[in-house]
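Colleague: Mind if I quiz you on the wording in your notes? I'd like to see what stands behind each label.

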Amino acid sequence: MEVFSKTTALALIFGCASLPPMAAQAEMADPNATVEYSGELSILTKFGMQRLQPYFIEMAKKYEALHPDVSISLIQEDDDSVKGKTKTLVASNSLPDIFFSWTGTWGGNFVRGDRAVDLSPVIGPDTDWGKTFAPAAVSAFMYNDKYYGIPLYLDAKFMGYSKPIFDELGIDVPKSHAELIEACKTIDAAGYLPVSFGNKEPWAGLHYLGQLLAYNVPQTVLEADYDPATATFDDPGYVAALNQFREFQDACTIGADVNAISYKTAIQQFSDGVSAMYYQEIIEFDSSAKPTTKLTPDDFGFFVLPPAEDAAGDHMALEGAPEGYMISSASENIPLAIDFMKFVTKPENARILSAPPFGQPPAVQGGADSENMNPSVVEGLDDIAEASYLIQWLDTVNHPRVASEWLSSFQAFVGGTKSAEDVVADVRTTAHSIRN
Amino acid sequence: MSTQNIIPEVAHKPKPNPWVIVGRGVLQSFLVLLGIVVLYPLLWMALSGFKSNTEIFNSPFALPQNWSFSSYVDAWNNGVSQFVVSSLIVTAMSIVATVLISAWTAFGLTRTKIPGKPLLVGFVLGGMMLSPTVALVPLVRMMQSFGIYDTHWALILLYTAFRIPFTTFLIRAYMLDLPYDLDEAARMDGATEGQIFRKIILPLCQPIIVSCVILHVLFAWNEYLFAMIFTSSADTQTLPVGLTSLMSKHGTDFGQVFAAMTISALPIVIIFFLTQRYFIRGLTDGMGK
């Protein structure tokens with residue numbers, strides 16, 4: 001019932017949000033503006049979950065203590081409710097001064113509607129503030145060669161593995177796609193599930209494909225194909241990536257039945273020591289191996305999904321994206337909003353975010369509290385820093401209709417009812433239909 | 001002699017029809033099964049509150065290995081207590097407002113002479129056709145301009161406004177069946193319209209009012225959309241929205257979530273069992289005639 005009402009609600013809210021809202025005006029941040037430390041600042045966060053909620057409350061209290069004339073009101077939402085809340089607030093022209101945004105098309109919509117302040121003069125790569133972030137994190141919020149977002153934390157996808165199972169079977173960390181397939185065969189023969197994978201939520205599978213596309217399709221081609229106006233989807237790397245996934249699915253997972261398994265079940269199988277590997281986001285490291293689970297943090301290892309040796313794309317690319325915040329162009333106190341975000345992204349505050357119980361890998365350089373953080377997360381951050389290119393999630397970087405086609409077609413491919421060629425053809429047709 | 005002939009005839013009971021016994025057995029088995037179908041999910045939810053994530057995923061139908069109330073305590077301390085308080089405030093206040101306004105409206109629509117009454121009835125009951133989701137965006141602006149956005153008052157106002165048409169519809173149907181002689185007798189005794197409403201009609205409407213209260217409790221306790229849009233802070237969020245904050249894409253303690261769901265369902269289940277007699281009678285009285 002609740003799921004029904006929620007889904008219906010979001011669908012209807014989207015309908016409401018598409019009503020013509022009042023025109024917004026493009027704004028550009030002024031680096032020399034004087035900050036007036038008075039008035040109210042409203043913030044829409046995505047830290048509504050119990051574990052993360054205290055972070056912004058603490059930041060707001062600290063900031064208010066420094067500037068007693070400023071009062072901060074927080075709207076804290078979770079992963080799902082933030083979508084509905086944002087759409088309603090946009091449609092009713094009451095977007096808070098600072099609001100959460102994903103990268104890709106979600107953030108692009110704010111830019112297109114002139115809802116977000118152009119922050120290039122204050123957070124561009126050559127600015128003092130911009131230099132404090134990981135460059136890939138800032139550029140992930142770049143639209144039309146301008147910078148609109150303040151990245152708060154980083155996320156990327158890695159293959160987590162059980163060290164005890166790998167040690168027991170004498171398996172080394174795979175360095176290539178072929179080695180991964182061989183490792184899966186060995187693990188399977190020993191009676192373990194090689195990789196627990198749940199594709200009931202189709203984005204989970206698309207995360208594998210995103211990484212494989214980065215390995216098989218050149219970056220320039222990928223970026224051209226993100227835009228329906230220039231998309232061709234004719235690079236042979238697409239079919240090659242899908243075929244590599246098929247090989248992986250056959251050797252490492254339970255096959256087509258993964259479409260009936262939730263990603264939550266898959267991560268639990270990994271935590272319970274049932275499976276030897278689970279492909280996960282860096283922000284999941286803390287929850288997949290806990291002191292209370294069978295797979296303890298000491299048993300946990302990870303590696304970047306290895307590329308096929310003959311893959312034609314970038315072998316050093318990594319799938320991931322930061323999440324961050326934008327400043328509303330309708331804000332009456334833009335300098336104050338920017339000042340608050342500068343405060344939140346100070347290394348000492350970023351270290352609070354990186355340490356338990358929050359455990360979010362910060363986007364600020366030097367913001368990782370390596371003493372208190374999970375060592376695997378610290379290592380993962382190094383891998384992110386070394387990556388030549390961060391390929392964003394396919395379902396957020398593409399046009400919503402293309403993303404939707406990727407999700408449904410790839411799920412059909414995993415279920416065995418669609419061929420690799422058909423998946424690419426259908427995505428191409430959708431992209432072309434948008435262009436036309 | 002004759003007595004001897006008669007007695008065996010009187011004492012002889014007709015042989016029970018085997019088909020009647022079979023039919024009764026089937027019916028009773030069906031009802032027991034129906035009871036299990038309804039009650040088992042609730043029991044499963046309550047039992048899952050005693051389990052760890054591993055048990056929930058690997059042996060979802062087994063009994064808990066450890067009968068510890070820790071998940072219930074954690075859920076209560078992690079905000080559920082506050083969500084329960086918010087839900088109680090919003091539900092209780094909107095019940096009082098909805099039922100009183102609706103009863104007064106129904107009284108006016110059934111027992112007073114108003115010109116253009118059918119039009120008024122159509123106008124009030126037409127409110128049932130309005131989808132709350134369609135009005136969402138203007139309502140956000142309205143609540144913000146009233147200064148009650150992210151307060152309990154926003155939900156109380158909205159729940160009352162959107163439930164008045166349906167509640168009026170129920171009470172009006174019930175009031176139409178009450179004899180008009182009562183009003184006339186009261187008027188002859190010098191009672192005002194207000195007194196007739198308070199002292200005669202309202203007490204007679206008790207069954208339908210109890211039904212309306214129960215229906216409103218069910219609605220306000222479980223309502224998600226308005227609660228999600230019009231509240232933001234943990235202090236104002238009601239249970240359905242608060243429960244989602246216990247879940248996250250990464251790392252959910254499902255034992256705690258089930259415990260929180262059980263705590264949130266408990267008041268509604270208790271209320272229903274205590275008042276089911278009124279609920280069924282009032283509803284059929286109001287709607288059946």
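Colleague: Which residues in α11(A) and α19(A) meet?

Modeller: On the α11(A) side they are A:Tyr238, A:Val239, A:Leu242 and A:Asn243, and they meet A:Ala420, A:Glu421, A:Val423 and A:Val424 in α19(A). "Contact" here says that the C-beta atoms of two residues, placed from the backbone, lie within 7 Å. Bear in mind that this is a predicted model, where local features need pLDDT of at least 70 and side-chain atom pairs count only at pLDDT 80 or more, while totals for chains, interfaces and linings use all residues. Residues are numbered from 1 along each chain as its sequence is written, with chains lettered from A and ligands numbered from 1 in the order in which they are written.

Colleague: What is the make-up of the contact of α11(A) with α19(A) by class?

Modeller: It has 6 nonpolar, 1 polar and 1 charged residues. The nonpolar set is Ala, Val, Leu, Ile, Met, Phe, Trp, Tyr, Cys and Pro; Asp, Glu, Lys and Arg are charged, and the others, Gly among them, are polar.

Colleague: Why are α11(A) and α19(A) called oblique to each other?

Modeller: Their axes come within 9 Å and cross at roughly 135°. Axes are lines fitted to C-alpha atoms, for helices over the stretch in contact, and angles run from 0 to 180 degrees between N-to-C directions. Under 35 degrees is roughly parallel, over 145 roughly antiparallel, 65 to 115 roughly perpendicular, and the rest is oblique. So α11(A) and α19(A) end up as oblique.

Colleague: And what makes α8(A) and α11(A) roughly parallel?

Modeller: Helix α8 (residues 177-189) of chain A packs against helix α11 (residues 236-252) of chain A at an angle of about 20°, with axes 8 Å apart. Therefore the pair counts as roughly parallel.

Colleague: In which hand does α8(A) pass α11(A)?

Modeller: That crossing is left-handed, whereas α11(A) passes α19(A) in a right-handed one. The rule: left-handed if the near helix is turned anticlockwise from the far one by less than a right angle, right-handed if clockwise.

Colleague: Which residues in α8(A) meet α11(A)?

Modeller: A:His177, A:Ile181, A:Cys184 and A:Lys185, facing A:Gln244, A:Glu247, A:Phe248, A:Ala251 and A:Cys252 in α11(A). By class, this contact has 5 nonpolar, 2 polar and 2 charged residues.

Colleague: Why is chain B called more spread out than a compact globule?

Modeller: Its radius of gyration is 26 Å, well over the 19 Å that the globule rule gives for 289 residues, so the label follows. The radius is taken over C-alpha atoms, and the rule is 2.2 Å times the number of residues to the power 0.38. For chain A, with 436 residues, the rule gives near 22 Å and the chain has 22 Å, which agrees. The C-alpha trace of chain B spans about 95 × 70 × 30 Å along its principal axes; for chain A the spans are about 65 × 55 × 50 Å.

Colleague: How many helices and strands are in chain B?

Modeller: 13 helices and 0 strands, against 19 helices and 13 strands in chain A. These are DSSP runs numbered from the N terminus: helices are H or I, at least four residues, and strands E, at least two.

Colleague: How many residues does each chain give to the contact?

Modeller: Chain A gives 33 residues and chain B 27 residues. On the chain A side, the largest share, 7 residues, comes from α1(A).
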